Amino acid sequence: MTEEKSREKLRRVPIRYLWSGMVLSDDLYNEYGRVLLIRAGEKITESTIRRLENLGTEDNCVVTYETSYREIMSQDNMPPEIQQRVVEDRFGYTELKKDVRNLLEIIEHVAEVEHDMVESVTEKVAQKIQIMDFCDFFQCIHVPRKLDEELQRHSLNIAFLNGIMGYWLKLPYEKIQRLVMAGLLHDIGKTKIPEQILFAPRKLTEEEFEVIKHHPIFSYELLDNQYVDVVKDAVLHHHERMDGTGYPDGLSGEKVSVFARITAICDVYDAMVSKRSYKEARLPFDILEKFTENTYVGLDQTLTAIFVKNMVKHFIKKQVVMSDGSVGTVAYIPPNDISHPVIAVGDVVKQVDEHWYCKKVFDEWNLL
(Lines give C-alpha, C1' and ligand atoms only; values in the text may rest on other atoms or scores of the structure.)
Protein backbone atom coordinates (compact mmCIF):
# COMPACT_ATOMS: atom_id res chain seq x y z
CA MET A 1 0.00 0.00 0.00
CA THR A 2 1.38 3.42 -0.96
CA GLU A 3 1.80 6.14 1.65
CA GLU A 4 -0.68 8.29 -0.33
CA LYS A 5 -3.29 5.51 -0.23
CA SER A 6 -2.78 4.97 3.50
CA ARG A 7 -3.62 8.63 4.13
CA GLU A 8 -6.82 8.40 2.06
CA LYS A 9 -10.05 8.39 4.03
CA LEU A 10 -11.71 4.99 4.44
CA ARG A 11 -15.41 4.74 3.50
CA ARG A 12 -17.96 2.49 5.19
CA VAL A 13 -19.98 0.07 3.08
CA PRO A 14 -22.76 -2.23 4.37
CA ILE A 15 -21.94 -5.88 3.63
CA ARG A 16 -25.47 -6.22 2.18
CA TYR A 17 -24.39 -3.92 -0.68
CA LEU A 18 -21.75 -6.37 -1.94
CA TRP A 19 -22.62 -8.87 -4.65
CA SER A 20 -21.18 -12.06 -6.09
CA GLY A 21 -18.81 -11.57 -9.02
CA MET A 22 -17.53 -8.09 -8.18
CA VAL A 23 -13.79 -7.42 -8.18
CA LEU A 24 -12.60 -4.33 -6.30
CA SER A 25 -9.58 -2.13 -6.91
CA ASP A 26 -8.80 -1.73 -3.20
CA ASP A 27 -8.56 -3.93 -0.14
CA LEU A 28 -11.59 -4.43 2.13
CA TYR A 29 -11.09 -4.11 5.90
CA ASN A 30 -13.16 -4.69 9.03
CA GLU A 31 -15.28 -1.80 10.33
CA TYR A 32 -12.29 -0.31 12.18
CA GLY A 33 -9.98 -0.46 9.15
CA ARG A 34 -7.46 -2.60 11.01
CA VAL A 35 -8.04 -6.16 9.77
CA LEU A 36 -7.62 -7.03 6.09
CA LEU A 37 -10.63 -9.10 4.95
CA ILE A 38 -10.37 -9.23 1.15
CA ARG A 39 -7.42 -8.25 -1.01
CA ALA A 40 -7.74 -5.97 -4.03
CA GLY A 41 -8.42 -7.96 -7.20
CA GLU A 42 -9.94 -10.92 -5.35
CA LYS A 43 -13.30 -12.00 -6.78
CA ILE A 44 -16.14 -11.76 -4.27
CA THR A 45 -18.43 -14.80 -4.13
CA GLU A 46 -21.60 -15.72 -2.22
CA SER A 47 -19.49 -17.66 0.25
CA THR A 48 -17.26 -14.59 0.73
CA ILE A 49 -20.30 -12.49 1.57
CA ARG A 50 -21.61 -15.11 4.01
CA ARG A 51 -18.20 -15.24 5.68
CA LEU A 52 -18.22 -11.47 6.12
CA GLU A 53 -21.76 -11.55 7.54
CA ASN A 54 -20.75 -14.26 10.01
CA LEU A 55 -17.98 -12.07 11.41
CA GLY A 56 -20.66 -10.28 13.42
CA THR A 57 -19.29 -6.80 12.90
CA GLU A 58 -20.94 -4.14 15.04
CA ASP A 59 -22.96 -2.55 12.22
CA ASN A 60 -22.51 -5.18 9.48
CA CYS A 61 -20.18 -2.87 7.57
CA VAL A 62 -16.74 -3.12 6.02
CA VAL A 63 -14.49 -0.26 4.95
CA THR A 64 -12.50 0.46 1.82
CA TYR A 65 -10.92 3.37 -0.05
CA GLU A 66 -12.69 5.90 -2.26
CA THR A 67 -12.08 4.14 -5.58
CA SER A 68 -13.67 0.89 -4.47
CA TYR A 69 -16.41 2.73 -2.59
CA ARG A 70 -17.42 4.31 -5.89
CA GLU A 71 -17.15 0.97 -7.68
CA ILE A 72 -19.59 -0.54 -5.19
CA MET A 73 -22.01 2.39 -5.04
CA SER A 74 -22.13 3.16 -8.76
CA GLN A 75 -25.71 2.74 -9.94
CA ASP A 76 -24.43 1.61 -13.35
CA ASN A 77 -22.68 -1.42 -11.86
CA MET A 78 -25.00 -2.33 -9.00
CA PRO A 79 -27.48 -5.18 -9.60
CA PRO A 80 -31.17 -4.17 -9.36
CA GLU A 81 -31.79 -6.11 -6.14
CA ILE A 82 -28.88 -4.32 -4.43
CA GLN A 83 -30.12 -0.95 -5.74
CA GLN A 84 -33.46 -1.75 -4.13
CA ARG A 85 -31.75 -2.41 -0.80
CA VAL A 86 -30.07 0.99 -0.97
CA VAL A 87 -33.36 2.74 -1.80
CA GLU A 88 -35.18 1.05 1.07
CA ASP A 89 -32.35 1.69 3.53
CA ARG A 90 -32.17 5.39 2.67
CA PHE A 91 -35.93 5.86 2.89
CA GLY A 92 -36.05 4.09 6.27
CA TYR A 93 -38.28 1.32 4.88
CA THR A 94 -35.84 -1.42 5.93
CA GLU A 95 -35.95 -0.46 9.63
CA LEU A 96 -39.72 -0.05 9.60
CA LYS A 97 -40.06 -3.44 7.92
CA LYS A 98 -38.04 -4.98 10.77
CA ASP A 99 -40.35 -3.31 13.30
CA VAL A 100 -43.40 -4.76 11.55
CA ARG A 101 -41.78 -8.20 11.34
CA ASN A 102 -41.13 -8.15 15.10
CA LEU A 103 -44.72 -7.08 15.75
CA LEU A 104 -46.12 -9.88 13.57
CA GLU A 105 -43.84 -12.49 15.16
CA ILE A 106 -45.10 -11.60 18.62
CA ILE A 107 -48.72 -11.80 17.42
CA GLU A 108 -48.06 -15.16 15.78
CA HIS A 109 -46.41 -16.71 18.83
CA VAL A 110 -48.34 -15.25 21.77
CA ALA A 111 -51.55 -13.98 20.09
CA GLU A 112 -51.07 -10.52 21.59
CA VAL A 113 -50.75 -7.16 19.87
CA GLU A 114 -48.05 -5.11 21.59
CA HIS A 115 -49.75 -1.71 21.84
CA ASP A 116 -46.52 0.20 22.49
CA MET A 117 -44.94 -1.31 19.36
CA VAL A 118 -48.01 -0.45 17.31
CA GLU A 119 -47.98 3.12 18.61
CA SER A 120 -44.27 3.44 17.83
CA VAL A 121 -44.52 2.22 14.23
CA THR A 122 -47.68 4.28 13.68
CA GLU A 123 -45.96 7.45 14.83
CA LYS A 124 -42.85 6.79 12.72
CA VAL A 125 -44.95 6.27 9.59
CA ALA A 126 -47.28 9.22 10.25
CA GLN A 127 -44.34 11.57 10.82
CA LYS A 128 -42.52 10.37 7.71
CA ILE A 129 -45.60 10.97 5.56
CA GLN A 130 -45.48 14.66 6.51
CA ILE A 131 -41.96 15.15 5.13
CA MET A 132 -41.22 12.37 2.64
CA ASP A 133 -40.99 12.40 -1.13
CA PHE A 134 -43.87 10.10 -2.12
CA CYS A 135 -41.88 8.82 -5.10
CA ASP A 136 -39.25 7.41 -2.73
CA PHE A 137 -41.97 5.42 -1.00
CA PHE A 138 -43.46 4.18 -4.28
CA GLN A 139 -40.03 2.93 -5.28
CA CYS A 140 -40.02 0.83 -2.10
CA ILE A 141 -43.33 -0.88 -2.86
CA HIS A 142 -43.31 -1.34 -6.65
CA VAL A 143 -41.01 -4.36 -6.52
CA PRO A 144 -41.38 -8.17 -6.48
CA ARG A 145 -41.66 -9.52 -2.94
CA LYS A 146 -40.27 -12.59 -1.28
CA LEU A 147 -43.07 -14.85 -0.10
CA ASP A 148 -41.90 -14.78 3.52
CA GLU A 149 -41.91 -10.95 3.47
CA GLU A 150 -45.32 -10.54 1.87
CA LEU A 151 -47.35 -9.93 5.05
CA GLN A 152 -44.88 -7.54 6.69
CA ARG A 153 -44.42 -5.54 3.48
CA HIS A 154 -48.15 -5.45 2.78
CA SER A 155 -48.95 -4.34 6.34
CA LEU A 156 -46.37 -1.56 6.17
CA ASN A 157 -47.44 -0.51 2.68
CA ILE A 158 -51.10 -0.16 3.68
CA ALA A 159 -50.06 1.82 6.76
CA PHE A 160 -48.29 4.26 4.43
CA LEU A 161 -50.95 4.29 1.71
CA ASN A 162 -53.73 4.86 4.25
CA GLY A 163 -51.79 7.72 5.79
CA ILE A 164 -51.01 9.19 2.37
CA MET A 165 -54.72 9.14 1.53
CA GLY A 166 -55.41 10.93 4.80
CA TYR A 167 -52.78 13.49 3.83
CA TRP A 168 -54.34 13.97 0.37
CA LEU A 169 -57.75 14.36 2.01
CA LYS A 170 -56.25 17.02 4.29
CA LEU A 171 -57.38 15.19 7.42
CA PRO A 172 -56.06 16.30 10.83
CA TYR A 173 -52.91 14.57 12.04
CA GLU A 174 -54.77 12.50 14.65
CA LYS A 175 -56.98 10.95 11.96
CA ILE A 176 -53.97 10.29 9.75
CA GLN A 177 -52.41 8.43 12.68
CA ARG A 178 -55.53 6.31 13.06
CA LEU A 179 -55.60 5.53 9.35
CA VAL A 180 -51.95 4.48 9.54
CA MET A 181 -52.70 2.24 12.52
CA ALA A 182 -55.68 0.65 10.74
CA GLY A 183 -53.48 -0.11 7.74
CA LEU A 184 -50.76 -1.56 9.91
CA LEU A 185 -53.18 -3.88 11.74
CA HIS A 186 -55.70 -4.73 9.02
CA ASP A 187 -54.19 -8.14 8.15
CA ILE A 188 -52.73 -9.27 11.48
CA GLY A 189 -55.37 -12.02 11.55
CA LYS A 190 -53.47 -13.71 8.73
CA THR A 191 -51.00 -14.86 11.38
CA LYS A 192 -53.75 -17.34 12.38
CA ILE A 193 -54.19 -18.68 8.83
CA PRO A 194 -52.33 -21.97 8.03
CA GLU A 195 -49.14 -21.24 6.08
CA GLN A 196 -49.97 -23.76 3.37
CA ILE A 197 -52.97 -21.59 2.52
CA LEU A 198 -51.46 -18.18 3.21
CA PHE A 199 -48.34 -18.89 1.12
CA ALA A 200 -49.92 -21.15 -1.49
CA PRO A 201 -47.93 -20.72 -4.76
CA ARG A 202 -51.14 -20.73 -6.81
CA LYS A 203 -54.69 -19.48 -6.83
CA LEU A 204 -56.65 -20.62 -3.79
CA THR A 205 -59.43 -23.17 -4.01
CA GLU A 206 -62.93 -22.09 -2.97
CA GLU A 207 -62.52 -23.89 0.36
CA GLU A 208 -59.16 -22.22 1.02
CA PHE A 209 -60.57 -18.81 0.12
CA GLU A 210 -63.35 -19.33 2.69
CA VAL A 211 -60.63 -19.84 5.31
CA ILE A 212 -58.81 -16.67 4.17
CA LYS A 213 -62.07 -14.71 4.43
CA HIS A 214 -61.98 -15.16 8.20
CA HIS A 215 -58.81 -13.06 8.59
CA PRO A 216 -60.61 -9.70 9.19
CA ILE A 217 -62.50 -11.32 12.08
CA PHE A 218 -59.27 -12.77 13.47
CA SER A 219 -57.62 -9.34 13.15
CA TYR A 220 -60.50 -7.67 14.97
CA GLU A 221 -60.51 -10.25 17.76
CA LEU A 222 -56.81 -9.67 18.43
CA LEU A 223 -57.43 -6.00 19.24
CA ASP A 224 -58.37 -5.08 22.80
CA ASN A 225 -59.92 -1.93 24.25
CA GLN A 226 -56.67 0.03 23.86
CA TYR A 227 -57.61 0.49 20.19
CA VAL A 228 -60.25 3.05 19.24
CA ASP A 229 -63.42 1.94 17.50
CA VAL A 230 -62.66 3.60 14.13
CA VAL A 231 -59.44 1.60 13.86
CA LYS A 232 -61.09 -1.67 14.90
CA ASP A 233 -63.95 -1.08 12.47
CA ALA A 234 -61.56 -0.47 9.54
CA VAL A 235 -59.67 -3.65 10.45
CA LEU A 236 -62.89 -5.69 10.55
CA HIS A 237 -64.50 -4.21 7.43
CA HIS A 238 -61.70 -3.49 4.95
CA HIS A 239 -63.11 -6.20 2.66
CA GLU A 240 -66.65 -4.81 2.72
CA ARG A 241 -67.88 -3.21 -0.50
CA MET A 242 -70.28 -0.36 -1.22
CA ASP A 243 -72.60 -2.69 -3.16
CA GLY A 244 -72.84 -5.23 -0.34
CA THR A 245 -70.72 -7.91 -2.05
CA GLY A 246 -67.91 -7.85 0.52
CA TYR A 247 -67.25 -9.76 3.74
CA PRO A 248 -67.47 -10.64 6.62
CA ASP A 249 -70.77 -8.81 7.30
CA GLY A 250 -72.04 -7.93 3.82
CA LEU A 251 -72.30 -4.22 4.67
CA SER A 252 -73.20 -1.71 1.97
CA GLY A 253 -73.31 2.04 1.31
CA GLU A 254 -72.98 4.34 4.31
CA LYS A 255 -72.73 1.35 6.65
CA VAL A 256 -69.15 0.93 5.44
CA SER A 257 -67.05 3.45 7.36
CA VAL A 258 -64.81 5.94 5.54
CA PHE A 259 -61.71 4.43 7.17
CA ALA A 260 -62.74 0.95 5.95
CA ARG A 261 -63.34 2.33 2.42
CA ILE A 262 -59.90 3.97 2.34
CA THR A 263 -58.23 0.81 3.61
CA ALA A 264 -60.06 -1.22 0.94
CA ILE A 265 -58.73 0.99 -1.88
CA CYS A 266 -55.17 0.88 -0.58
CA ASP A 267 -55.39 -2.86 0.05
CA VAL A 268 -56.48 -3.54 -3.54
CA TYR A 269 -53.76 -1.31 -5.01
CA ASP A 270 -50.95 -2.97 -3.08
CA ALA A 271 -52.30 -6.46 -3.77
CA MET A 272 -52.43 -5.76 -7.50
CA VAL A 273 -48.99 -4.17 -7.73
CA SER A 274 -47.28 -7.05 -5.91
CA LYS A 275 -45.92 -10.12 -7.64
CA ARG A 276 -46.80 -13.62 -6.45
CA SER A 277 -45.59 -16.93 -7.82
CA TYR A 278 -48.92 -17.43 -9.61
CA LYS A 279 -49.31 -13.90 -11.03
CA GLU A 280 -47.15 -11.17 -12.48
CA ALA A 281 -46.84 -7.77 -10.89
CA ARG A 282 -48.75 -5.06 -12.72
CA LEU A 283 -47.54 -1.60 -13.56
CA PRO A 284 -49.15 1.26 -11.60
CA PHE A 285 -50.58 2.72 -14.85
CA ASP A 286 -52.55 -0.46 -15.55
CA ILE A 287 -53.90 -0.71 -12.01
CA LEU A 288 -54.93 2.95 -11.85
CA GLU A 289 -56.82 2.62 -15.12
CA LYS A 290 -58.67 -0.38 -13.74
CA PHE A 291 -59.65 1.77 -10.76
CA THR A 292 -61.16 4.36 -13.11
CA GLU A 293 -63.01 1.61 -14.99
CA ASN A 294 -64.47 0.28 -11.72
CA THR A 295 -62.87 -3.11 -12.43
CA TYR A 296 -62.45 -3.63 -8.69
CA VAL A 297 -66.19 -3.60 -8.02
CA GLY A 298 -67.64 -2.06 -4.89
CA LEU A 299 -64.95 0.48 -3.98
CA ASP A 300 -66.02 4.02 -3.06
CA GLN A 301 -65.80 5.85 -6.39
CA THR A 302 -65.33 9.33 -4.91
CA LEU A 303 -62.38 8.23 -2.78
CA THR A 304 -61.02 6.12 -5.63
CA ALA A 305 -61.01 9.17 -7.93
CA ILE A 306 -59.01 11.13 -5.34
CA PHE A 307 -56.55 8.24 -4.99
CA VAL A 308 -56.07 7.92 -8.76
CA LYS A 309 -55.74 11.68 -9.38
CA ASN A 310 -53.00 12.08 -6.79
CA MET A 311 -51.17 8.89 -7.74
CA VAL A 312 -51.05 9.94 -11.40
CA LYS A 313 -49.49 13.29 -10.48
CA HIS A 314 -46.60 11.53 -8.77
CA PHE A 315 -45.69 9.46 -11.83
CA ILE A 316 -45.23 12.45 -14.13
CA LYS A 317 -41.52 12.98 -15.00
CA LYS A 318 -40.59 9.58 -13.58
CA GLN A 319 -38.26 7.35 -15.54
CA VAL A 320 -39.41 4.14 -17.20
CA VAL A 321 -37.68 1.18 -18.80
CA MET A 322 -39.36 0.40 -22.11
CA SER A 323 -39.95 -2.95 -23.79
CA ASP A 324 -37.09 -2.29 -26.25
CA GLY A 325 -34.64 -1.60 -23.40
CA SER A 326 -34.63 2.18 -23.81
CA VAL A 327 -35.07 4.49 -20.83
CA GLY A 328 -37.60 7.29 -21.10
CA THR A 329 -39.51 9.81 -19.01
CA VAL A 330 -43.25 9.96 -18.39
CA ALA A 331 -44.29 13.17 -20.17
CA TYR A 332 -48.07 12.92 -19.87
CA ILE A 333 -50.71 10.49 -18.59
CA PRO A 334 -54.08 10.85 -20.37
CA PRO A 335 -56.85 10.93 -17.72
CA ASN A 336 -59.07 8.75 -19.91
CA ASP A 337 -56.29 6.34 -20.94
CA ILE A 338 -53.96 6.01 -17.94
CA SER A 339 -52.49 2.67 -19.05
CA HIS A 340 -51.06 4.34 -22.18
CA PRO A 341 -48.85 7.20 -20.95
CA VAL A 342 -46.87 9.42 -23.31
CA ILE A 343 -43.15 8.72 -22.98
CA ALA A 344 -40.18 10.87 -24.01
CA VAL A 345 -37.02 9.02 -25.05
CA GLY A 346 -34.45 11.56 -26.18
CA ASP A 347 -36.10 13.68 -28.88
CA VAL A 348 -38.81 11.08 -29.50
CA VAL A 349 -42.15 11.59 -27.72
CA LYS A 350 -44.90 9.03 -28.29
CA GLN A 351 -47.66 7.10 -26.59
CA VAL A 352 -47.13 3.50 -25.56
CA ASP A 353 -48.95 0.71 -27.42
CA GLU A 354 -48.97 -3.09 -27.54
CA HIS A 355 -45.59 -3.11 -29.33
CA TRP A 356 -43.78 -0.44 -27.29
CA TYR A 357 -44.70 -0.34 -23.63
CA CYS A 358 -43.37 0.35 -20.13
CA LYS A 359 -41.78 -2.52 -18.23
CA LYS A 360 -40.67 -0.72 -15.09
CA VAL A 361 -41.14 2.65 -13.40
CA PHE A 362 -38.33 4.05 -11.31
CA ASP A 363 -36.94 7.29 -9.98
CA GLU A 364 -33.51 8.64 -10.77
CA TRP A 365 -31.30 8.84 -7.69
CA ASN A 366 -27.65 9.26 -6.86
CA LEU A 367 -25.88 6.73 -4.64
CA LEU A 368 -22.62 8.60 -4.31
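A residue counts as exposed when its relative accessible area is over 50%, and as buried when that value is under 20%. Keep those two words in mind for this tour of a predicted model.

**Stop 1: an exposed lysine in a loop**

Select Lys170. Lys170 has a relative accessibility of 73%, so this residue counts as exposed. You will find Lys170 in the loop between helix H8 (150-168) and helix H9 (173-185). Its backbone deserves a look too: phi of Lys170 is near 60 degrees, a positive value in a residue other than glycine.

Now jump to Ala111, where phi is also positive, near 55 degrees, and the residue is again not a glycine. Ala111 sits in the loop between helix H5 (93-110) and helix H6 (115-131).

**Stop 2: the whole chain**

Zoom out and show the cartoon. The chain contains 16 helices and nine strands. Turn the C-alpha trace around: along its principal axes it spans about 75 × 55 × 40 Å. How does the radius of gyration of the chain agree with that of a compact globule? For 368 residues, a compact globule would have a value near 21 Å, and the chain has 23 Å, so the two agree. Of those 368 residues, 50% count as buried.

**Stop 3: a cis peptide bond**

Select Tyr247 and Pro248 and look at the backbone between them. The peptide bond from Tyr247 to Pro248 is cis, with omega near 10 degrees. Pro248 belongs to the loop between helix H13 (229-237) and helix H14 (258-273).

**Stop 4: aromatic rings**

Show the side chains of Phe, Tyr and Trp. Searching the whole structure gives 14 aromatic pairs. Start with Phe91 and Phe137. Their ring centres are 6.2 Å apart and their planes meet at 40 degrees, so this pair is tilted. The reasoning rests on the cut-offs: planes under 30 degrees apart count as stacked, over 60 as edge-to-face, and the rest as tilted.

Colour the two helices to see what this pair links. Phe91 is in helix H4 (residues 80-91) and Phe137 is in helix H7 (residues 134-141); the two are 46 residues apart, and the pair links distant parts of the chain. Are Phe91 and Phe137 buried or exposed? Both are buried.

Next, select Phe291 and Tyr296. This aromatic pair is edge-to-face, at 5.2 Å centre to centre and with 70 degrees between the planes. Phe291 has a relative accessible area of 2%, so Phe291 is buried. Tyr296, at 14% relative accessibility, counts as buried as well.

Keep Phe291 and Tyr296 selected and add Phe134, Tyr167, Trp168, Tyr269 and Phe307: together these residues form one aromatic cluster.

**Stop 5: charges over rings**

Go back to Phe91 and add Lys128. The charged end of Lys128 sits over the ring of Phe91, 5.0 Å from the ring centre. Another example is Lys350 with Trp356: here the charged end of the lysine sits over the tryptophan ring, 4.6 Å from its centre.

**Stop 6: a sheet of five strands**

Lys350 leads us to a sheet. Which order do the strands of this open sheet follow? The order of the five is S8-S7-S6-S5-S9, and the pairing is antiparallel. At the edges are strand S8 (348-351) and strand S9 (358-362), each pairing on one side only. Look along the sheet to see the turn: neighbouring strands are rotated by 35 degrees against each other on average, direction ignored.

Zoom in on strand S7 (residues 342-345) and S8, which pair in the antiparallel sense over four bridges. Two bridges to find are Val345 with Val348 in S8, and Ile343 with Lys350 in S8. S7 and S8 form a hairpin with two residues between them, and Gly346 in the turn has a positive phi of about 65 degrees.

**Stop 7: the cysteines**

Finish by showing the cysteine sulfurs. How many disulfides does a search of the whole structure find? The search finds zero. Take Cys61: the closest cysteine sulfur, in Cys140, is 19 Å away, so it is too far for a bond. A disulfide would need the two sulfur atoms within 2.5 Å. Cys61 counts as buried, at 10% relative accessibility.

Finally, select Cys266. Cys266 is in no disulfide, and its nearest cysteine sulfur, that of Cys140, is 16 Å away. With 0% relative accessibility, Cys266 counts as buried.

Key: Residues are numbered from 1 along each chain as its sequence is written. This is a predicted model: local features need pLDDT of at least 70, side-chain atom pairs count only at pLDDT 80 or more; totals for chains, interfaces and linings use all residues. Side-chain values use heavy atoms; hydrogens and water are left out. Rings of Phe, Tyr and Trp (its six-membered ring) pair if their centres lie within 6.5 Å; planes under 30 degrees apart count as stacked, over 60 as edge-to-face and the rest as tilted. Buried means under 20% relative accessible area, exposed over 50%, partly exposed in between (1.4 Å probe, protein chains only). A charge sits over a ring if NZ of Lys or CZ of Arg is within 6 Å of the ring centre and within 35 degrees of the ring normal. Two strands pair if DSSP finds at least two bridges between them. Axes are lines fitted to C-alpha atoms, for helices over the stretch in contact, and angles run from 0 to 180 degrees between N-to-C directions. The radius of gyration is taken over C-alpha atoms; the globule rule is 2.2 Å times the number of residues to the power 0.38.
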